[in-house]
Amino acid sequence: MSDDLHGGEHPVQLWTRDGFQGAASVVTRSTYGPDYLSVEGPHAPRRAVLDRLTPADQHDAEAFPTTVATSRLGVKLVVSGRRKPMPYVLRNVEADEMHFIQSGTVKFETEVGSLTAVEGDFVCIPRAIAYRYAPTGDSMCSIIVESPSALKLAPPSPIGLLNVARDVKYAEIDPAIPVGGPTRLVLKGFDTENTVFSMPHDPLSLGVRLSTSVPVWKLNLANIQLHTYLPNGGPPSQFLSSSTGDILMFNLSARLGERPPVHINADFDEVICYVRGPGVWGGCSEPGTLTWVPKGVIHHGPSENVPEGYQAWLMETRATLRWTPEAIAASELMETGEYRPHPSVNKR
Ligand SMILES: [Fe+2]
């Protein structure tokens, strides 16, 4: 690896608790911490290009999206690639869902209203709200974060990072959804077997809204402001968290400041989605590249100071993720300097 990757002669190495918030230890060492020769076992950094992963719902409208990663806490990562509408209505009784639209335009119909999401939108569907979705064109791709604890917008101050009044769009009741006929309502729980109610009418056919609050909303990544510390840089600021703090989400698009130090995140797995350029973020240049560094694995990470700009988001989770066999088959080991495929990976 180059001297640049090694961060100089005596690179600094951090160990931190509670993400960027807790106790920290700082040391220097003469070697580059992220270097590893090979690794075996499940707690190893991986990367996946979503275009190379074919979700189960892409060719089978009845299928659920494909689970990429699971955890003991119930936090999951799921990828969807529908070409046809869901032929049933789904209610996740275990988790809030945050759908990130990587590509395509997606019409969501829910039992609190409908919205149309475009590329770069996060769509929040809290636990136990029934929904279905469909691409408005030929295809779509989304990444779904499932969180057993409630997800909520949590910027560091009420204004600044988010302009909620301007940029958070809520579902609205669509009077065009007919009462319909018999409809399957699938309850998604932890079981491998689904629970399916047969309903006499479409549960997403609504009348009027009486409450002021609407639990289903969308927010575009491009509208989440970036926070940095100049001239040296510093950690990003979360725009969203779960009520237990098990999940934090950040806009990690290009920003000014120096490259983060080599570090070990003691308490959080880090999942970063490189959404698209124009600029390249280290070893990530293909739109929809998902990277994962498990907690306790030393990493550096590419410089975020990319003048051409790029879009990316970060999910930190206290859950310890495990990639599914399907996701392992469609992904590769990752080196944790620039987040390229690890040199031990045979070139495609
Ligand atoms: Fe990190």
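**Exercise 1.** Which spacing do the donors of the iron ion follow along the chain?

*Solution.* The structure is a predicted model. Begin with the donor atoms: the protein supplies H263 (NE2), E270 (OE), E270 (OE) and H299 (NE2), which lie 2.0 to 2.4 Å from the iron ion. Along the chain, these donors follow the spacing H-x6-E-x28-H. Next, place the two histidines: H263 belongs to strand 20, while H299 sits in the loop between strand 22 (289-293) and strand 23 (311-317), so the pair ties together parts that are 36 residues apart in sequence.

**Exercise 2.** Classify the geometry at the iron ion from the angles among its four donor atoms.

*Solution.* The angles among the four donor atoms run from 57 to 169°. A tetrahedral assignment would need all angles between 85 and 135 degrees. Square planar geometry would require opposite donors over 155 degrees apart and all others between 65 and 115. The site is therefore classed as irregular.

**Exercise 3.** Determine whether H263 and H299 are buried or exposed.

*Solution.* The cut-off for buried is under 20% relative accessible area. H263 has a relative accessible area of 11% and is buried. H299, at 1% relative accessibility, also counts as buried.

**Exercise 4.** Describe the sheet that contains strand 20.

*Solution.* Three strands form an open sheet in the order 2-1-20, with mixed pairing. Strand 2 (24-28) and strand 20 (262-265) are the edge strands, each pairing on one side only. From one strand to the next, the twist averages 15°. Strand 1 (residues 12-16) and strand 2 run antiparallel and are joined by five bridges. Within strand 2, V26 is the residue opposite L14.

Terms used
Residues numbered from 1 in each chain as written. Predicted model: local features only at pLDDT ≥ 70, side-chain atom pairs only at ≥ 80, totals over all residues. Heavy atoms only, no water. Pairing = 2+ DSSP bridges. Helix = DSSP H or I, 4+ residues; strand = E, 2+ residues; numbered from the N terminus. Axes fitted to C-alpha atoms, helices over the stretch in contact; angles between N-to-C directions. Donors = N, O, S within 2.8 Å, 3.2 Å for Na, K, Ca; no water. Tetrahedral: all angles 85-135°; square planar, octahedral: opposite > 155°, others 65-115°. Buried < 20%, exposed > 50% of the residue type's maximum accessible area, 1.4 Å probe, protein only.
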